[in-house]
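Colleague: Could you take me through one part of this model slowly, with the strands and the helices that pack together explained as you go? I am a first-year student, so please name each piece again when you move on.

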Amino acid sequence: MGKLLIPILGFLLFFFLAAAAGDVKNYLKYKDPKQPLGVRIRDLLSRMTLQEKIGQMVQVELTVATPDAMKKYFIGSVLSGGGSVPAPKASAETWVKTVNNIQKAALSTRLGIPMIYGIDAVHGHNNVYKATIFPHNVGLGVTRDPQLLKRIGEATALEVRATGIPYVFAPCIAVCRDPRWGRCYESYSEDHRIVQALTEIIPGLQGDLPTNSRKGVPFVAPGKTKVAACAKHYVGDGGTTRGINENNTVISLSGLLNIHMPAYFNAISKGVATVMVSYSSWNGKKMHANHDLVTGFLKNKMKFRGFVISDWQGIDRITSPPGANYSYSVEAGVSAGIDMVMVPYNFTEFIDDLTYQVKNKIIPMSRINDAVQRILRVKFTMGLFENPLADLSLANQLGSQEHRELAREAVRKSLVLLKNGESADEPLVPLPKRAPKILVAGSHADNLGNQCGGWTITWQGLSGNNLTSGTTVLNAIKNTVDPATKVVYDKNPDANFVKSNKFSYAIVVVGEPPYAETFGDSLNLTIPEPGPSTITNVCTSVKCVVIIISGRPVVIQPYLANIDALVAAWLPGTEGQGVADVLFGDYGFTGKLARTWFKTVDQLPMNVGDQHYDPLFPFGFGLTTKSTKH
């Protein structure tokens with residue numbers, strides 16, 4: 001037996017040594033999670049060709065992200081733009097399959113660098129059917145509640161991960177200084193201090209920064225429950241003249257630093273992984289071409305170590321008209337310090353132009369290496385190399401009851417009671433649940449799409465009730481009143497109908513239609529008809545509460561005398577039950593305006609602290625009620 005054992009042991013030893021030698025030959029430092037982050041980045045970078053490096057800097061849209069394109073051009077990132085989905089009403093399973101198929105193509109390349117998939121999840125996972133839609137930021141600012149924002153970040157991360165996506169273009173930390181801007185609802189407040197406090201959504205999305213972290217280093221907790229976040233739009237997006245989208249912010253350096261910059265310090269100190277550059281200009285200079293602010297300030301002074309991403313066709317818009325001189329746009333954008341370019345369609349043109357510029361020393365290789373190191377740093381940090389593929393383990397998180405309850409809580413806390421009866425002695429709210437007959441009227445009373453606003457299912461949002469699942473204000477009212485109370489719904493009743501029906505009281509829900517970005521720019525800020533007519537017809541005939549569903553303060557002064565109680569509900573999202581919770585006294589009104597409510601648009605811009613400040617309702621205003629639940 002002994003004689004037989006020696007050759008067997010010898011053979012086994014030879015086998016193990018050979019295997020070990022094979023392992024050494026196949027061992028790649030960058031693939032070893034035990035290696036320090038810097039070692040992994042340097043090792044991978046040293047192996048990459050120029051083509052592979054430039055591929056990392058490219059972000060393409062889902063519609064052009066074919067497996068062939070991913071492999072041939074070594075594409076580093078893919079996104080879904082607003083409304084871009086694998087299929088209408090796609091399930092979590094369909095999303096996961098789509099993202100994984102693209103990822104498998106990226107992993108099959110020579111170095112197997114995973115791509116990072118990004119999406120606009122700006123009030124919940126808003127592209128996705130049946131996801132929880134939270135109130136837009138304009139409402140969340142009212143809450144002044146950082147812990148609520150953190151919980152919303154946690155819930156949003158779970159729903160985004162449920163669909164296989166690890167990166168969100170959120171939060172928007174704009175400080176909207178003029179409500180005529182079509183993106184004002186994406187801003188928490190006109191006051192940078194509220195915006196700063198609510199950057200607490202970032203650790204909700206990404207996970208809590210470890211205590212010993214270096215300043216400016218991106219952090220995303222490994223595992224499958226967190227996502228990389230993106231502070232946007234750097235910088236001054238909320239300060240443009242007359243609120244014109246993508247326009248020019250005219251302000252001194254100290255004004256820029258004191259109003260628009262502070263929340264970036266908070267975001268970076270919380271480990272935000274990425275920063276998106278703004279379409280807008282600062283004193284005539286396009287932010288996408290602003291080397292001093294992107295490289296000099298953000299990267300060098302603020303020590304930001306994550307990656308800087310352009311906005312959608314952001315470099316194209318450096319020139320007017322956009323794309324007029326694309327090679328100049330590439331040079332200006334990349335030289336300014338943009339690391340990843342959201343191309344998102346004509347990626348071969350971008351790759352060809354950038355390759356030519358590097359080969360001809362127009363853009364130095366050091367700039368390319370900086371960009372790629374930053375992108376790899378985020379990918380390594382978040383564990384994308386170890387866990388590149390998604391599974392269905394979180395599918396039950398999408399639109400979960402727990403998340404809907406959280407959104408409902410956010411709605412309750414975001415409502416602002418602006419008027420409650422002619423005097424404090426005769427409040428109308430909270431409304432009695434038991435009444436013989438009540439009227440619910442208005443264009444927004446039974447319209448889930450209007451309630452959610454833009455960036456919901458599609459980019460511009462959709463009016464109506466067949467976009468996703470949720471509770472309209474009308475249904476919330478019906479769920480809340482006493483079973484004996486008769487609820488009559490008439491979208492736009494005439495005054496005679498209201499007078500002749502002997503209603504105990506009426507609830508009128510009117511406001512703005514859904515919009516996003518430039519489509520929302522408005523110089524008059526009026527509620528479209530029939531909103532004002534409905535207010536007049538109802539409120540001159542019966543005691544009424546008017547609920548405004550809007551992305552910003554709107555013209556309301558002309559109707560105020562006829563209105564008994566007035567509620568600003570902003571864009572509450574899918575959980576309309578939160579409105580009824582407060583209206584009928586199950587909870588008290590607590591919200592305080594995080595935006596100044598103007599009298600007329602001629603006063604704009606008008607912000608808290610201005611020398612001439614004569615608002616209809618000042619910043620910080622909000623009447624309170626107590627819960628009637630005992």
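**Sheets and a helix pair**

Modeller: One open sheet is made of three strands in the order S6-S8-S9, and its pairing is mixed. This is a predicted model, so everything described here is computed from it. At the edges of that sheet are strand S6 (248-249) and strand S9 (285-286), each of which pairs on one side only. S6 pairs with strand S8 (residues 281-282) in the parallel sense, over two bridges, and within this pairing Asn 248 stands opposite Ser 281 in S8.

Another open sheet of three strands has the order S5-S7-S10, and here the pairing is parallel. Its edge strands are strand S5 (230-234) and strand S10 (307-309), each pairing on one side only, and from one strand to the next the twist averages 25°. If you follow S5 to strand S7 (residues 274-277), you find the two paired in the parallel sense over four bridges, with Met 276 in S7 as the bridge partner of Lys 232. Helix H12 (residues 291-301) packs on this sheet, where it touches S5, S7 and S10, and the direction of H12 makes about 145° with that of S5.

From the sheets we can turn to a pair of helices. Helix H2 (residues 37-47) packs with helix H15 (residues 365-381) at an angle of about 130°, and their axes are 10 Å apart. Angles of 65 to 115 degrees count as roughly perpendicular and those over 145 as roughly antiparallel, and H2 and H15 are therefore oblique to each other. The crossing in which H2 passes H15 is right-handed. On the side of H2, the contact is made by Leu 37, Arg 40, Ile 41, Leu 44 and Leu 45, which meet Asn 369, Val 372, Gln 373, Leu 376, Arg 377, Phe 380 and Thr 381 in H15. Sorted by kind, the residues of this contact of H2 with H15 are seven nonpolar, three polar and two charged.

Finally, a record offers a wider frame for the chain. An unreviewed UniProt entry carries the annotation "domain: Glycoside hydrolase family 3 N-terminal", which covers residues 49-378. In the model, the end C-alpha atoms of residues 49-378 lie 20 Å apart, and the span is 40% helix and 10% strand.

Notes: Residues are numbered from 1 along each chain as its sequence is written. This is a predicted model: local features need pLDDT of at least 70, side-chain atom pairs count only at pLDDT 80 or more; totals for chains, interfaces and linings use all residues. Side-chain values use heavy atoms; hydrogens and water are left out. Axes are lines fitted to C-alpha atoms, for helices over the stretch in contact, and angles run from 0 to 180 degrees between N-to-C directions. Angles under 35 degrees count as roughly parallel, over 145 as roughly antiparallel, 65 to 115 as roughly perpendicular and the rest as oblique. A crossing is left-handed if the near helix is turned anticlockwise from the far one by less than a right angle, and right-handed if clockwise. Contact means heavy atoms within 4.5 Å. Ala, Val, Leu, Ile, Met, Phe, Trp, Tyr, Cys and Pro count as nonpolar, Asp, Glu, Lys and Arg as charged, and the others, Gly among them, as polar. Two strands pair if DSSP finds at least two bridges between them. UniProt positions are given in the numbering used here, feature names are shortened, and annotations may be inferred rather than shown by experiment.
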